[in-house]
Amino acid sequence: MDRTEGTEHHENKVLNELRAEFSCTHGTIVDGAVRQWILWNTTDLYAWWHSFEDQCQTPLGRKLMNACADQEEYMLKTDNLLPNGWFRRAKRQQDHLDHRWKKYGWGRYSVAQQTAQSLVFAPMVSGIALATNELLHDRRQKIEWHQLSQNTIRFELKPDANVLPTAPPPPSLAWSRPAEVGFSSPPIFDELAHEGAGLTIGGETVCLFPADAFTRLFHTCRAYPNSVSQERKDAWQTPDLDDGERSVLLMVVASMASLVNNGERPIYIESQASWDPLIQHYLAANGWGQPSSVEALGSKHGVRFTLPAGSTFPFLVGWLVAMWERGHGKASKFTLVSKEDCWRLEVDSRLAYN
């Protein structure tokens with residue numbers, strides 16, 4: 001087997017492991033521990049993040065880093081993923097990290113050089129690196145990151161005198177609910193390819209990321225003011241959410257609207273029947289979730305979605321509202337209410353608001 005064949009064999013092995021590790025159900029992608037993951041286009045990730053941070057009146061880069069660090073620490077410890085034992089431990093651990101980062105499309109991380117080659121957003125990569133170092137050295141550390149180029153990040157780590165408890169399970173929010181086990185490999189995984197240390201679909205760089213990293217971030221952001229316009233606040237009604245959770249949800253919806261409206265996705269909505277193919281293509285395929293039902297309201301453009309709860313719920317609401325606005329070319333009003341085991345989202349034109 002020559003070098004090219006060996007590389008192709010390894011990459012096929014990694015992709016086969018992905019297909020074996022993850023399953024899909026009701027538009028979500030879940031791992032073996034039944035945690036929801038999202039398949040992000042890295043360009044979308046940047047665009048969404050910058051809009052989300054704009055919606056919050058507080059710099060959030062370090063909050064995102066801490067959320068990712070806590071989630072990675074929790075998964076590494078819960079799943080007992082880092083090799084122990086003294087024999088060639090450093091090499092075995094680096095080999096494991098190489099495999100883990102490549103499999104999820106995070107790039108490559110060198111423990112010895114404290115650098116990462118990655119197109120994933122630097123605070124997220126830094127959080128993963130921080131959690132890894134703390135577990136390897138069994139002590140808390142502080143991290144600074146420096147973006148040296150488009151895909152090179154250098155880390156500076158220093159010991160932290162603080163003794164922090166082990167990262168807890170993800171917090172519970174109003175829309176939290178355990179994920180359901182899937183029974184088949186996500187079809188979109190058949191489109192994945194490895195290019196260098198990254199994952200791509202059709203030449204576009206993508207990465208897999210646990211949804212609960214964002215749950216941790218949103219839990220933190222409940223305390224922060226937002227800059228969502230008063231017009232939107234009046235038109236977007238969430239009577240069953242407390243002030244903090246409402247604020248976070250509106251920030252997510254506004255940032256998803258910015259992502260979709262500033263993008264080039266062809267989204268056309270001619271009738272209720274237009275929704276299913278759009279949902280399957282943009283949402284379900286990538287693990288954002290999907291409505292369990294879609295119904296027309298009595299008005300010209302009104303639509304009612306019945307939504308399952310779960311880690312991706314704020315993004316799902318944001319996607320649906322953003323797609324409605326893009327598809328109709330109108331500002332939206334919506335009402336989101338909690339039912340016994342689901343949520344009901346009714347979206348219509350804001351022109352009829354008063």
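The axes of helix H4 (residues 89-104) and helix H5 (residues 122-137) come within 13 Å and cross at roughly 155°, the axes being lines fitted to C-alpha atoms over the stretch in contact, with angles from 0 to 180 degrees between N-to-C directions. H4 and H5 are therefore roughly antiparallel to each other, a term for angles over 145 degrees. This is a predicted model, in which local features need pLDDT of at least 70 and side-chain atom pairs count only at pLDDT 80 or more, while totals for chains, interfaces and linings use all residues. Residues are numbered from 1 along each chain as its sequence is written, and side-chain values use heavy atoms, with hydrogens and water left out.

**Helices H4 and H5**
- Gln93, Leu97 and Trp101 in H4 meet Val125, Ile128, Ala129, Thr132 and Leu136 in H5, where contact means heavy atoms within 4.5 Å.

**Helix H9**
- In helix H9 (residues 275-283; helices are DSSP runs of H or I with at least four residues, strands runs of E with at least two, numbered from the N terminus), Trp275, Leu278, Ile279, Tyr282 and Leu283 are buried, meaning under 20% relative accessible area with a 1.4 Å probe and protein chains only.
- Seen down the axis of H9, these buried residues fall within an arc of 100°, so they line one face of the helix; the arc is that of the directions from the helix axis to the C-beta atoms.
- The buried residues of H9 pack against strand E12 (293-296), strand E13 (303-307) and helix H10 (313-328).

**Phe315**
- Leaving aside neighbours within four places in sequence, Phe315 is in contact with residues including Trp40, Trp48, Phe214 and Phe218.

Conventions:
Buried means under 20% relative accessible area, exposed over 50%, partly exposed in between (1.4 Å probe, protein chains only). Angles under 35 degrees count as roughly parallel, over 145 as roughly antiparallel, 65 to 115 as roughly perpendicular and the rest as oblique.
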